[in-house]
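Colleague: Could you take me through the place where the two chains meet? I'd like a close look at that one part, start to finish.

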Number of protein chains: 2
Amino acid sequence: LTRASSLGERGLLRRYLPSLSSRLSRRVETGPGDDAAVVRGRRGRWALTTDMLVEGVHFDRSWTGGEDLGHKSLAVNLSDLAAMGSVEPAWALVSLGITQDASVDFVDKFHRGLSRLAQAHGVDIVGGDTVRADRLTVSIAVGGWAAPGGRLVLRGGARPGDALLATGTLGDAAAGLEILMGSKSRRRGAVGFSSRDRGFLVRRLLRPEPRLAWGRRLAQAGATALMDSSDGLWRSVTLMCEASGTGAVVELEKLPLSRALRAWAAASGGDAAGLALAGGEDYELVLAAPPGRARALEAAGAARVVGRVTERKEGVRALENGRPRPAPRMFEHFKADKKRGKRGAS
Amino acid sequence: LTRASSLGERGLLRRYLPSLSSRLSRRVETGPGDDAAVVRGRRGRWALTTDMLVEGVHFDRSWTGGEDLGHKSLAVNLSDLAAMGSVEPAWALVSLGITQDASVDFVDKFHRGLSRLAQAHGVDIVGGDTVRADRLTVSIAVGGWAAPGGRLVLRGGARPGDALLATGTLGDAAAGLEILMGSKSRRRGAVGFSSRDRGFLVRRLLRPEPRLAWGRRLAQAGATALMDSSDGLWRSVTLMCEASGTGAVVELEKLPLSRALRAWAAASGGDAAGLALAGGEDYELVLAAPPGRARALEAAGAARVVGRVTERKEGVRALENGRPRPAPRMFEHFKADKKRGKRGAS
């Protein structure tokens, strides 16, 4: 008896989805394996994606409020749409597995967080399902519309010579998790690390902002490959290279770090660049683009160059001031230790 | 602190979905509250629905194989599309919360059951998500296309004077569950109850066939209200009356019973009509239609008349040979006892 969990998240997905994917009908433009699937509509296309969040694996109620959960569970799905490019989110189906001990107050707050984010992005919550569960579980499916002429960008289009870029700042959410876990937060009173910095990092974890407008902009600006950084930059780059048949170099000193992350690292001795490289849950966008376009995007403040795409044979490498840095452990919820909050974010 | 579970499934759904539904955009034709939502596409409409199945609540691995689960978790969603009328299922997103003890073999079988039913109905499995969970959890979202001119039939269109009808036979799945639970199966060797009957009833529980072709036919034949019987005929009629602002009478002696269910009842002393009235999980269609159309449908073998729609003030009533029968307890997964297999199906 082989345990299914030994296959890991991607192995399992391949196992129960794949043989179907070889027989998908012609209306399916992109099947499983990208941030979202693409199905042809009349004069346009639908981008479709789903994500499931389980208590004790993806969040913990001791530090995730109802409003946080409502926001985040929709945000991670919208991030998948953003990662497709020119997509306008349209609708969501929201299922909730609810525990006996969950309060109405928690559900009300969940609704508020969900509702606010949905309204901010013009998403209609059109339906859902509620079931009893031992652990609080949220499963959301979203659909976004790509109008004719809109450009959808998959993971597999990066070419050697392209620049690698990322939006926003990286590593914040992983630092936020470390702070919540308490491991390095004792010194939060230390010089240079204010409660405002702390709040910023925690908020980056609990309330990620899906980069939908950026996704559309980066697609129109000529990104050759695009995905989100849900499981960390390193994992995104690895998957992008796998899909594109390329290698890549990530330069640690180029990673965009927030002021708060630098302050946290200085105060706690934490490894800011390491978190920016491998920590998950920032929900920024990672992309490849030809050098000229990359420079223009950087000049416009839309994204920062963090490395370059290479030939496949060169592999996927991280350099720190020109020297190789060992490949970090990849962020994966599925194989994470069962202990509360212990996740591959360090 | 009020427990959210005290609100019940529908109360909870109302609580976390509702205030949004009042602000849905114009592209949403039908929001939460029907079998599926309806969103306008270009020249046509999408019907969207989602269902979550949790081990210990909706199924038990001791009597539900991987193939059964793959089949049923898609079937219950397709049944919701069937309940909308003229819909062609198109795509599905399939998320799996997997336990540490689940085997690869189970996942392979899950895939097989899912795959076969998807292919039978032309459904593309376009994506999904896999997460770690304490209880096996399946969450599926499906989209179906209603071409221009196709008729979608909601729950709220029944009118006093309409006939009430149901497809197929009722109560089989509930008897199948009783058999699996073992409570009344000791006598399965009794006269008139064969292993073939037993197999039929159990299969009705584990492998429901979504009535998609029937849904399209009933919509085109002029059904005024349509829904599925996932939670039992009684519950469906009650919800239909609530949505339509009507009452109804269900006549027990008219309920369509399978030969196997009659044999089981004779051998075990079970209440066949009671199960047909209140037992869940048959996934047949329940509809209202003007009397002339109802007679035509009955003559064509498409559905059987089981009662009539009345004025609201008459309430929702069950009659047995003209005499009132007490309203049965409604089937609801959510409030079901936590004990294995104890569900409101009796």
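Modeller: Sure, and bear in mind that this is a predicted model. The copies meet through the same surface, because 100% of the interface residues of chain B are also interface residues in chain A. In numbers, 78 residues of chain B are in contact with 78 residues of chain A. Together the two chains bury about 7300 Å², with 60% of that on carbon and sulfur atoms. Within chain B's share, B:Y16, B:R42 and B:R132 stand out: they supply 12% of the area chain B buries against chain A, more than any other three residues.

Now the polar side of things. The rule finds four salt bridges across the interface, and one of them joins the side chains of A:R27 and B:D124 at 3.2 Å, N to O. It also turns up eleven residue pairs in polar contact between chain B and chain A. On chain B, the elements giving two or more residues to the side that touches chain A are α1 (8-16), α2 (18-21), β2 (37-41), β3 (44-54), β4 (88-98), α4 (104-120), β5 (124-132) and β6 (137-146). The residues on that side split into 39 nonpolar, 23 polar and 16 charged.

As for how the copies are arranged, a turn of 180° with a shift of 0.0 Å along the axis lays chain B on chain A with an RMSD of 0.0 Å. The two are therefore related as by a two-fold rotation axis. And here B:R42 comes up again: of the residues of chain B, B:R42 comes closest to that rotation axis, at 2.8 Å (C-alpha).

How values were computed
Residues are numbered from 1 along each chain as its sequence is written. Chains are lettered from A and ligands numbered from 1 in the order in which they are written. This is a predicted model: local features need pLDDT of at least 70, side-chain atom pairs count only at pLDDT 80 or more; totals for chains, interfaces and linings use all residues. Side-chain values use heavy atoms; hydrogens and water are left out. Contact means heavy atoms within 4.5 Å. Buried area is the accessible area (1.4 Å probe) that two parts lose on being put together, summed over both. A polar contact is a pair of N or O atoms within 3.5 Å; within protein, one must be able to donate a hydrogen and the other to accept it, and residues adjacent in sequence count only if both atoms are side-chain atoms. Helices (H or I, at least four residues) and strands (E, at least two) are DSSP runs, numbered from the N terminus. Ala, Val, Leu, Ile, Met, Phe, Trp, Tyr, Cys and Pro count as nonpolar, Asp, Glu, Lys and Arg as charged, and the others, Gly among them, as polar. Copies are superposed by least squares on the C-alpha atoms of residues with pLDDT of at least 70 in both.
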